Amino acid sequence: MSAFAESEANETFVLNLGPQHPATHGVLRVKLTMDGEYIVEAEPVLGYIHRMHEKMGENRTWAQFLPNTGRMDYLHALAFNHGYVSVVERAAGIEVPERAEYLRVITSELNRVSSHLLWFGAFILDLGGFSPLLYAFDDREHILDLLESVTGSRLTYCYFRFGGVYNDIDDNFVAGARAFIKRLRDRMPMYHNLVTKNIILMKRLQEVGPISAEMCRKYGATGPVCRGSGINFDVRKHEPYSIYPEMDFEVPVYEQGDSMARYMVRMDEIEQSLRIVEQALDKLPEGPVMAEKVPKIIKPPKGDYYHAVETARGSFGVRVVSDGSNTPYRLKLRSPTFSNLSLYGEACRGMLLPDALALMGSLDLVIPEIDR
Amino acid sequence: MYVDPEIIRLLAFLVGVIAFAALNAAYLVWLERKEAAHIQRRIGPKEVGPFGLFQPLVDGIKLMTKQLIVPAGVDPVLFKIAPILVMVPAIMSFVTIPFGETLVARNLDIGLLAIFAFASVNVLGLLLGAWGSRNKYAVISAARVVSQNVAYEIPMLVTVVTLVMITGTMNLHTIVLQQQGGFWHWNIFNLSASPLMPVAFLIFFVCMLAETNRAPFDMAEAESELVAGAFTEYSGMGFGVFFMGEYANIVIGASMATILFLGGWDCPLGLFPGVLWFLIKMYFLIFTVIWIRWTFPRTTFYGLLNLSWKILIPISFFNLILTSAMLKVF
Amino acid sequence: MNCAAIKQKLSAVGAEAISETEYDRKGFALDVQVAPEQLVAAVSVLDAEGFFIEAVTGVDWLGEQAALRKEAEAKVAAEAKAKADAATAAGEEPPPAEPVAEQGELPEDALEAVYDFNHYESLCRVTIRTRMPRSKPEVPTISQIYPGANWHERETHDFFGIKFVGHPYLVPLLLPEDADFHPLLKDFRP
């Protein structure tokens with residue numbers, strides 16, 4: 001078959017994984033140069049859903065850009081909300097009431113749990129196990145219902161405002177959140193018994209797709225990817241923002257650097273996020289959820305400002321350059337998965353195709369966030 | 001006009017066998033969907049007919065009305081012949097399977113050999129279909145299918161050879177007759193012949209999963225890796241025939257396990273033998289196959305080959321030697 | 001490792017200006033301005049100290065020079081007006097308006113490349129900026145030091161047309177592969 005081997009010297013072939021492929025979770029394309037089932041070279045090709053959010057930001061007022069943030073990382077939209085409102089509040093010097101900060105943390109941690117649950121289901125689906133997906137979606141549905149009751153939307157949230165949040169929670173939300181925490185805590189052992197301890201899963205993940213700490217540093221990997229490689233880096237602890245310093249939680253770190261380590265980091269993070277939500281609900285102060293004196297038209301002073309938050313996939317940073325007008329002069333969105341995916345080409349060299357897909361799943365890709 | 005009743009009998013059986021194979025394929029899809037749904041805490045098909053029982057018919061009509069697309073660039077002959085190559089041997093195998101004491105189309109003396117000969121044509125069909133598709137995913141899948149089938153045919157056949165040594169015949173009817181009279185007579189518990197018989201059954205079952213490309217060994221399809229593997233370019237009834245062939249192969253695999261190890265139509269307590277018992281055992285095995293699929297993730301390809309070459313083949317050879325030694329001694 | 005030590009090492013390799021910024025106010029600790037020629041040396045310092053790369057981006061300062069001149073002129077005019085007002089208030093004859101100095105052609109506007117580095121262990125985000133003329137936006141690549149910069153530089157090249165000299169594969173990453181426009185330039189018209 002001449003299409004595969006032009007000559008004896010050239011026995012590799014190019015396999016286009018995507019843009020429509022079940023394992024790429026969206027429109028990512030990876031150009032694989034293969035020798036049989038071994039990967040000689042992998043080159044991710046991006047930009048299939050590039051929407052140029054940064055240019056959109058320059059063409060609308062500071063507040064008008066808010067809904068865009070929820071449309072980048074649609075799985076952890078509230079963290080992206082958080083990053084953007086934080087940087088604008090930092091620039092314009094807006095104080096946020098304490099209750100609003102608590103609500104931000106409660107909702108965005110619930111959102112983080114929902115993101116990890118979806119990743120869990122989709123990752124096992126990548127490995128050929130169908131059923132955990134439905135169980136994870138069952139749990140995730142409870143979070144979506146809770147968040148819908150307070151934010152008004154189920155996926156692309158736009159709940160945070162400069163100086164607070166848009167809506168206060170009620171007793172139903174508190175009761176629902178507590179019930180959900182109990183429910184998921186009861187179900188986590190089931191997930192571990194049925195999935196984590198499955199011998200096939202262990203064989204497929206252990207020692208597959210190793211990423212060294214040095215590689216993380218050179219590529220700027222953050223989030224569960226670097227924590228699975230033994231780097232204790234979490235923006236919530238590293239440069240604490242909001243009310244995270246008052247919360248008692250741990251950052252799960254695993255040394256192995258393989259896909260199993262990244263899997264375990266995320267599973268442990270679900271439990272830590274539940275702890276944070278529980279504490280925040282206990283400590284929730286009374287008070288307003290919106291700052292009193294937020295100007296209608298925001299004009300931050302000249303200069304540039306940076307703020308990073310920890311999303312479910314890593315450190316999301318926003319750099320804004322203000323020229324003192326009512327629109328951003330420049331808005332840079334540093335998305336975590338962009339950096340995490342950039343190491344894929346090096347990490348999967350010489351791997352077999354199924355292992356490379358396990359590695360890709362363990363990076364937890366959200367394509368709209370990479371392409372922005 | 002005189003017509004040999006044997007011919008009428010054969011024709012009746014032929015129609016019956018084809019109908020059985022087709023109905024099984026259709027209703028195993030229904031069973032698979034229902035079972036998967038209940039494992040996943042869903043309901044499954046329920047709209048068409050009671051319990052969604054007419055769903056397979058509707059699906060079949062849909063598949064048959066779809067256009068048969070032959071993509072540009074494929075080898076038209078191989079592409080069209082491949083689904084038939086998977087389906088026909090599967091149906092032919094049914095001819096020699098004894099469902100009941102008298103319910104067998106053709107009782108061959110070498111029935112066992114015939115079935116394994118037909119079963120190995122299945123892989124040829126997949127290989128030709130994948131190769132003819134000229135699709136890279138399909139070709140990778142074809143390479144996987146062939147090495148997987150070669151790897152698993154060895155322990156399976158060695159296990160069968162062990163069994164033939166014990167029974168002394170390749171006639172399936174006779175093999176079942178030897179196991180009559182309660183479950184302690186079944187080959188799986190025939191510990192006096194070889195204490196490893198339950199293990200041999202397990203090996204046979206695992207090999208059957210691998211030979212029929214079922215999860216966790218569904219390397220050929222592996223939808224999260226190879227899109228749809230060998231079937232990537234197929235649509236409509238081409239795809240449908242492939243699937244009927246796959247399900248027919250599962251039925252044959254389960255029937256063989258029933259005949260060789262579980263006493264065929266024998267009642268576990270030795271009373272009232274009949275076709276019903278055969279079907280119960282067979283469908284229980286199929287149920288287990290589906291259960292496994294919806295519970296486990298997929299193994300990797302090298303894990304699959306390692307399992308065969310490093311574990312199953314040594315054990316099955318050991319079992320062969322042990323059995324022959326015991327036959328010689330006792 | 002602390003930020004002050006980094007500051008010293010960076011000034012040793014010839015950074016033009018380094019300012020420590022207020023972290024809570026700005027979100028980064030060191031703001032470093034280097035010439036394009038010093039960029040690789042400065043980044044090597046950070047690499048040796050164990051920093052990881054966060055992002056590379058650009059800023060287009062089109063119209064900055066005009067704005068600066070306007071500001072300066074306004075300042076001069078305001079000073080003159082203040083002088084005149086003071087003189088009038090004192091009951092004196094206002095001095096004749098000074099002739100406006102000939103300012104010549106505007107200097108060229110700049111494109112700025114911005115590099116963000118962060119450290120896994122200590123809180124020290126370092127921002128390195130380097131400016132280049134808009135007509136010849138060239139800056140050496142740092143992808144041999146940080147392979148992760150490869151994509152960030154490709155993205156910046158997409159958006160601003162900044163040419164990273166020595167980059168192994170400077171083709172569009174997010175934009176279509178035949179894109180010859182740079183949407184984040186301020187004079188970009190679709």
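Modeller: Two residues count as being in contact if their C-beta atoms, placed from the backbone, lie within 7 Å; please keep in mind that this is a predicted model.

Biologist: How many residues does the contact take from chain B and from chain A?

Modeller: With that cut-off, the contact takes 27 residues from chain A and 24 residues from chain B. On the side of chain B that touches chain A, helix 5 (136–167), helix 8 (223–226) and helix 11 (301–329) of chain B each supply at least two residues, and by class this side has eleven nonpolar, seven charged and six polar residues.

Biologist: What makes strand 1 (13–17) and strand 3 (38–45) of chain A the edge strands?

Modeller: Three strands of chain A form an open sheet in the order 1-2-3, with antiparallel pairing, and strand 1 and strand 3 are called edge strands because two strands pair if DSSP finds at least two bridges between them, and each of these pairs on one side only. Strand 2 (residues 29–35) of chain A is joined to strand 3 of chain A by seven bridges, and A:M34 stands opposite A:I39 in strand 3 of chain A.

Biologist: Why is chain C called more spread out than a compact globule?

Modeller: For 190 residues the globule rule gives 16 Å, whereas the radius of gyration of chain C is 22 Å, well over that value, so chain C is more spread out than a compact globule. Its C-alpha atoms fill a box of roughly 70 × 45 × 25 Å along the principal axes, and 35% of the 190 residues of chain C count as buried.

How values were computed: Residues numbered from 1 in each chain as written. Chains lettered and ligands numbered in written order. Predicted model: local features only at pLDDT ≥ 70, side-chain atom pairs only at ≥ 80, totals over all residues. Helix = DSSP H or I, 4+ residues; strand = E, 2+ residues; numbered from the N terminus. Nonpolar A, V, L, I, M, F, W, Y, C, P; charged D, E, K, R; others polar. Rg over C-alpha atoms; globule rule 2.2 N^0.38 Å. Buried ≥ 20, exposed ≤ 12 C-beta atoms within 10 Å, placed from the backbone.
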